[in-house]
Amino acid sequence: MTSGSRAILDRENRKTTINLNLYQMDHYFPEHSKAFMEAINAIRGRPVALLGHVRPDGDCIGSQVGLARCLRDMGFDAVCYNHHEVPQNCRSFVGDTPFFVDETGVDTSRVAISVDCADHKRLGPVLQEAFPEVFLNID
């Protein structure tokens, strides 16, 4: 852990929560940090859909889980959507992060943020149609 970070072990729920201060991102990526926080502040108070690519892998699931947890910690109503289910080998990472497969229905009133998905087509047809415009793409 770097200075400004702290880990909290919740033995009852068997999870570790890591709270990072923004110094780390701001220190190493000052131009991206400012733009990222401006984007997050622009959607504050709105529900968020974190979209991953078809046939999600560890990078995709990890990105969705990490960002969902950060946003939820900041008070956002953030959930994850994928075209396919979370792979078996990644399910232990998900924990209590809400994940939905697009066939279960998509809440299109949410602000869309895609992660690990350079091409909008990789979201799959249902998520492409549900979210023709993505507010922020992090890849």
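**View 1. The buried residues of helix α2 are Ser33, Met37, Ala39 and Ile40.** These four sit on the same side of α2, because they cover an arc of only 160 degrees around the axis. Keep in mind that this is a predicted model. Turn to the face pointing away from that buried side and you meet the exposed residues Glu31, Lys34 and Ala42. The helix itself runs over residues 30-42, which makes 13 residues. From first C-alpha to last, α2 reaches 18 Å, close to the 18 Å expected at 1.5 Å a residue.

**View 2. Glu38 and Lys34 pair up through a salt bridge on helix α2.** Here the N-to-O distance between the two side chains is 3.6 Å. Why are they about one helical turn apart? Because Glu38 and Lys34 are four residues apart in helix α2. As for solvent, Lys34 counts as exposed at 56% relative accessibility, while Glu38 comes in at 46% and counts as partly exposed. Side chains of opposite charge can pair when their charged atoms come close.

**View 3. A network of salt bridges links Asp77, Asp107 and Arg110.** Start with Asp77 and Arg110, whose side chains meet in a salt bridge of 3.1 Å, N to O. Asp77 lies in the loop between α3 and β4 (78-82), and Arg110 in the loop between β5 (99-101) and β6 (111-115), so this pair ties together parts that are 33 residues apart in sequence. Arg110 has another partner to look for: Asp107, with the closest N and O atoms 3.5 Å apart. How exposed or buried are the three? Arg110 is buried, with a relative accessible area of 11%. Asp77 is partly exposed at 39% relative accessibility, and Asp107 is partly exposed too, at 30%. For the whole model, the salt bridge count comes to four.

**View 4. Gln64, in helix α3, is a buried residue with a polar partner.** Helix α3 takes in residues 58-73, Gln64 among them. Gln64 has a relative accessible area of 0%, so it counts as buried. Which side chain does Gln64 meet in a polar contact? That would be Asn82, at 3.1 Å. Asn82 also turns up in the wider list of contacts once neighbours within four places in sequence are left aside. With Asn82, that list holds Leu50, Leu51 and Gly52, then Cys80 and Tyr81, and finally Phe99 and Val115.

Note on methods:
Residues numbered from 1 in each chain as written. Predicted model: local features only at pLDDT ≥ 70, side-chain atom pairs only at ≥ 80, totals over all residues. Heavy atoms only, no water. Helix = DSSP H or I, 4+ residues; strand = E, 2+ residues; numbered from the N terminus. Buried < 20%, exposed > 50% of the residue type's maximum accessible area, 1.4 Å probe, protein only. Polar contact = N/O pair within 3.5 Å; in protein donor to acceptor, adjacent residues only side chain to side chain. Contact = heavy atoms within 4.5 Å. Expected span 1.5 Å × (residues − 1). Arc of directions from axis to C-beta.
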